[in-house]
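Trainee: Before we go through the assignments, could you set each value against its definition as we proceed?

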Amino acid sequence: MALSRSAKRPLQIMLSTRIGFSGQNYSTWTRKAVSTPISQLAEIKTRSESAFGMFFRRFSVQAPAAQEQMNLIKQLRERTSAPIKDVKAALIDCNWDIEEAQKDLRKRGKVLASKKSGRTAAEGLLALAQDEGRAAIVELNCETDFVARNEIFQYLALSLAKQALLIENVSHQVSGVHAVGPECLEDLKLNLEHPKISGETTVQNAITEIAAMMGENVRLRRSFVMSTSSPAVLSIYLHTSPQPGLGRIAGLLSLEIEDGNSQLEALQRVGSELAMHVVAAKPLFLTKELVSSSALESEREILKSQAESTGKSQMAIEKMVEGRLRKYYEEVVLMEQKFIMNDTINVKTLLNNLSKEVGSPVKIGNFFRMEVGEGIQRLEASGADEPVAQSA
């Protein structure tokens, strides 16, 4: 019995040790794996491979659909330039039919454009078109400089300038600067040939469609046509020009000459310099005689009030006013201004020198200066006419 009891003790110790290990996950998993039949392992493997295969096939089916949606969004965005969120919403609403979505975007855009038509549009561009003896300039406004840099906006501005040049009721015979109101252009036909806006439409419809694309208020504010008598040279300068025919500030000037056979190169050179001078110096009148009586009287009152504050005699005050008026003329009268290319002479002297060079009298027939957005804030407050610097 003693032998029997002593033999049981190692057996109990061994059993207790095996039972202690059985509480651990590793040991339990190992025992189950070892005890699992080979047929069950094969079945588990087959099921796993089948489930993975189904997942892989399902993922492969979804990927092309998502890629196709992205392609449709990209195509419609390229066609319309509408915001991506609007493009996606239109495609979803139209069951991803790109043609129907494009129509839907145009309908939505026109509604939004009409809602935004009351917002201030003080940015934009001046667009210019020119033929022999005539030039047309239009101001197309938008709300931000970002839209003004858009190629579609710029294309429309240039198209409108070309259309303004073709208006028949603007006299070809009378030289000068003639205003062309927006109402004269709105119903005219435009034949557009741009990848994103093409076909025949009216000026107003084209503006509305561009406003819908851009998501801003876009409007044709004003336009002018300058005509010259023959013989004359018409010179133009556009400041801050993103491409030919566009700019934010424009200076137009015509040089008239008695002898049509004079040196054309010299006339064109000086004409271009004077057009740049008009942009930089901002003249309001061509000669002293053309200064309006209201402007002169207003300036005289201001100068007199300033002179009286010095406490000097009436005679001294009168001399001070006259002296300051001469300075005023040099600031606002083109012929009296210092020439920007050579401030040792004024414009009058420049023309005298040019007349001697070409062998025939040369004079400025008309000049015109225009800037994007000028006077818009003041106009909203007072309802006054747009300011434009030009000769009478």
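Mentor: Buried means under 20% relative accessible area and exposed over 50%, with partly exposed in between, using a 1.4 Å probe and protein chains only. This is a predicted model, in which local features need pLDDT of at least 70 and side-chain atom pairs count only at pLDDT 80 or more, while totals for chains, interfaces and linings use all residues. Residues are numbered from 1 along each chain as its sequence is written, and side-chain values use heavy atoms, with hydrogens and water left out.

Trainee: Why is Asn95 called exposed?

Mentor: Its relative accessibility is 68%, and the cut-off for exposed is over 50%, so Asn95 counts as exposed. Asn95 lies in the loop between α4 (84-93) and α5 (98-116), helices being DSSP runs of H or I with at least four residues, and strands runs of E with at least two, numbered from the N terminus. Asn95 also has a positive phi of about 55°, although it is not a glycine.

Trainee: What makes Trp96 partly exposed?

Mentor: Trp96 has 25% relative accessibility, which falls between the two cut-offs, and therefore counts as partly exposed. Trp96 is likewise placed in the loop between α4 and α5, and its phi, near 65°, is positive in a residue other than glycine.

Trainee: How do you know that β1 and β2 pair?

Mentor: Two strands pair if DSSP finds at least two bridges between them; nine bridges join β1 (residues 123-131) to β2, so the criterion is met, and the two run antiparallel. Gly124 stands opposite Asn141 in β2.
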